Amino acid sequence: ETMMEGHAPVTRQHSKQAALASPTLDAMAECFHFACTKGADGWSAQPLKIEDNAAAELEGAEAETMMELEKKLLEVVTAAKGPGARVACNQLTPKKALFTAVIGGVVVAAAAGAAAGGGGGGGGGGGG
């Protein structure tokens with residue numbers, strides 16, 4: 001127990017449940033990274049050969065459009081690990097993109113009111 005001035009004692013949890021409630025980043029998410037390249041016949045994607053890339057053992061994909069390629073890559077990841085991946089595709093140059101799928105992890109979302117933005121500013125003063 002720890003005493004904080006003016007507050008009730010705080011107890012620290014030392015249990016398996018507490019350890020599971022705060023997993024390490026490695027245990028939280030599995031990331032799949034693919035390098036996408038536009039060629040004469042459309043787009044192709046290959047897993048990036050980097051450390052800790054879950055996609056390293058997966059097959060790449062080919063498609064005529066980037067949208068079709070994203071769909072195929074999501075299918076590849078889903079077939080390997082199951083549904084529930086969040087995806088992002090970042091266009092780096094007109095002929096290069098990075099596709100990332102993440103399974104697991106924590107998603108932080110703002111409350112609807114906070115996401116809607118602040119109120120408007122005051123009006124301008126009148127001229128004279």
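This passage looks at strand β1 in a predicted model, with its partner strands and two of its residues, H33 and F34.

Start with the strands. Strand β1 covers residues 29-39, and strand β2 takes up residues 42-47. The two run antiparallel and are held together by 6 bridges, with a hairpin of 2 residues linking them. Within this pairing, K38 of β1 sits across from W43 in β2. Strand β2 has a further partner in β3, a strand made of residues 61-63. Here too the pairing is antiparallel, this time over 3 bridges, and A45 faces A61 of β3 across it.

Now for H33, which belongs to β1. Its side chain makes a polar contact with the side chain of T100, at 3.2 Å. Setting aside residues up to four places away in sequence, H33 touches Q46, P47 and L48, along with I50, N53 and A55, and then L98, F99 and T100.

F34 is also part of β1. With a relative accessibility of 0%, F34 falls under the 20% cut-off and therefore counts as buried. What surrounds F34, once neighbours within four places in sequence are left aside? The contacts include A45, Q46, P47 and L48, then A55, L58 and E59, and also L73 and V77. A97, L98 and F99 complete the list for F34. As for F99, its C-alpha atom is 5.1 Å from that of F34, although the two residues are 65 apart along the chain.

Note on methods
Residues are numbered from 1 along each chain as its sequence is written. This is a predicted model: local features need pLDDT of at least 70, side-chain atom pairs count only at pLDDT 80 or more; totals for chains, interfaces and linings use all residues. Side-chain values use heavy atoms; hydrogens and water are left out. Helices (H or I, at least four residues) and strands (E, at least two) are DSSP runs, numbered from the N terminus. A polar contact is a pair of N or O atoms within 3.5 Å; within protein, one must be able to donate a hydrogen and the other to accept it, and residues adjacent in sequence count only if both atoms are side-chain atoms. Contact means heavy atoms within 4.5 Å. Two strands pair if DSSP finds at least two bridges between them. Buried means under 20% relative accessible area, exposed over 50%, partly exposed in between (1.4 Å probe, protein chains only).
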